[in-house]
Amino acid sequence: RKEYVDLYVNYMFNKSVQKPFEDFMKGFLRGCPARNWKVFFPEELQVLLQGHTTFDWRLLEKNVIYKEYKKLDQTIRNFWTVFHKLPEEKKKMFLAFLSGSDRISGYVLERFRFWIADPQVENPDESSPYASTCYLTLFLPR
């Protein structure tokens, strides 16, 4: 019985996927030669390809660059007060609104920066926040 189970498991996890895996590996190596990615541990490669899925939101706040705002402006303080009260899923939705993705790509999370700018509209109470995903800029009316 043990031999049957071992052979069955080997077939299901190895033999049955051998050809598709070899085809995938050939295509992957054509686009990304082994010398470029073998320097990474599997976890590091996963972060590079998929992006970070967990975040230090306080670090994100610390790395923001302000245009036409100062860190202590009431609008900015209100924004961060509300932001930090949001549940994790809503914070990720904000990240998707800002950047087009709910993940931060790249390996070094500490270097991710975005901008908060004042769109300087005539009547800020009639304007909604909007984002430029290309420039990672949140336009936040006063």
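A search of the whole structure finds 5 salt bridges, a salt bridge being a side-chain nitrogen of Lys or Arg within 4 Å of a carboxyl oxygen of Asp or Glu. The structure is a predicted model, in which local features need pLDDT of at least 70 and side-chain atom pairs count only at pLDDT 80 or more, while totals for chains, interfaces and linings use all residues. Residues are numbered from 1 along each chain as its sequence is written, and side-chain values use heavy atoms, with hydrogens and water left out.

The domain assignment divides the chain into domain 1 (1-39) and domain 2 (57-139); such bounds come from an automatic or database domain assignment. Taken over C-alpha atoms, the centres of domain 1 and domain 2 are 42 Å apart. The description below begins at the N terminus, with helix α1 (residues 2-13). Helices (H or I, at least four residues) and strands (E, at least two) are DSSP runs, numbered from the N terminus.

In helix α1, Asp6 forms a salt bridge with Lys2, and their closest N and O atoms are 2.8 Å apart. About one helical turn separates the two, because they are 4 residues apart in α1. Asp6 is partly exposed at 41% relative accessible area, whereas Lys2 is exposed at 62%. For these classes, buried means under 20% relative accessible area, exposed over 50%, and partly exposed in between (1.4 Å probe, protein chains only).

Tyr8 is also found in helix α1. With 45% relative accessibility, Tyr8 counts as partly exposed. Tyr8 belongs to a nonpolar surface patch together with Tyr4, Val5, Val9, Tyr11, Met12 and Phe13, and the patch has about 770 Å² of accessible area in total. Patches are made of residues with over 30% relative accessible area and no salt bridge; like charges are joined within 9 Å, and nonpolar side chains (Val, Leu, Ile, Met, Phe, Trp, Tyr) within 5 Å. Accessible areas come from the Shrake-Rupley method with a 1.4 Å probe, and for residues only the protein chains shown count as cover.

Helix α2 (residues 18-31) holds Lys19 and Asp23, which are separated by about one helical turn because they are 4 residues apart. Their side chains meet in a salt bridge (2.9 Å, N to O). Lys19 is exposed, with a relative accessible area of 53%, and Asp23 is partly exposed, with 39%.

Further along the chain, Phe40 lies in the loop between α3 (34-37) and α4 (42-50). Phe40 counts as partly exposed at 33% relative accessibility. Leaving aside neighbours within four places in sequence, Phe40 is in contact with Leu45 and Leu48; contact means heavy atoms within 4.5 Å.

The largest nonpolar core has 21 residues, of which Phe79, Trp80, Phe114 and Ile116 touch the most other members. A nonpolar core is a set of buried Ala, Val, Leu, Ile, Met, Phe, Trp, Tyr and Cys residues joined through side-chain atoms within 4.5 Å. Helices α5 (57-62), α6 (74-85) and α7 (88-99) are the elements that give two or more residues to this core. The most come from α6, with 4 residues. Outside its neighbours within four places in sequence, Ile116 is in contact with Val64, Ile65, Tyr66, Lys67, Tyr69, Ile76, Phe79, Trp80, Leu138 and Leu140.

Two loop residues have an unusual backbone sign. Most residues other than glycine have a negative phi. Glu68, however, has a positive phi of about 60° although it is not a glycine. Glu68 is found in the loop between β1 (65-67) and α6, and is partly exposed, with a relative accessible area of 42%. Gln120 also has a positive phi, near 50°. Gln120 lies in the loop between β2 (115-117) and β3 (130-132) and is exposed at 57% relative accessible area.

The side chains of Arg142 and Asp118 meet in a salt bridge (2.6 Å, N to O). This pair links distant parts of the chain, 24 residues apart: Arg142 is in the segment after β4 (137-139), and Asp118 is in the loop between β2 and β3. Arg142 counts as partly exposed at 42% relative accessibility, whereas Asp118 is buried, with a relative accessible area of 11%. Salt bridges that share partners join Asp73, Asp118 and Arg142 into one network.
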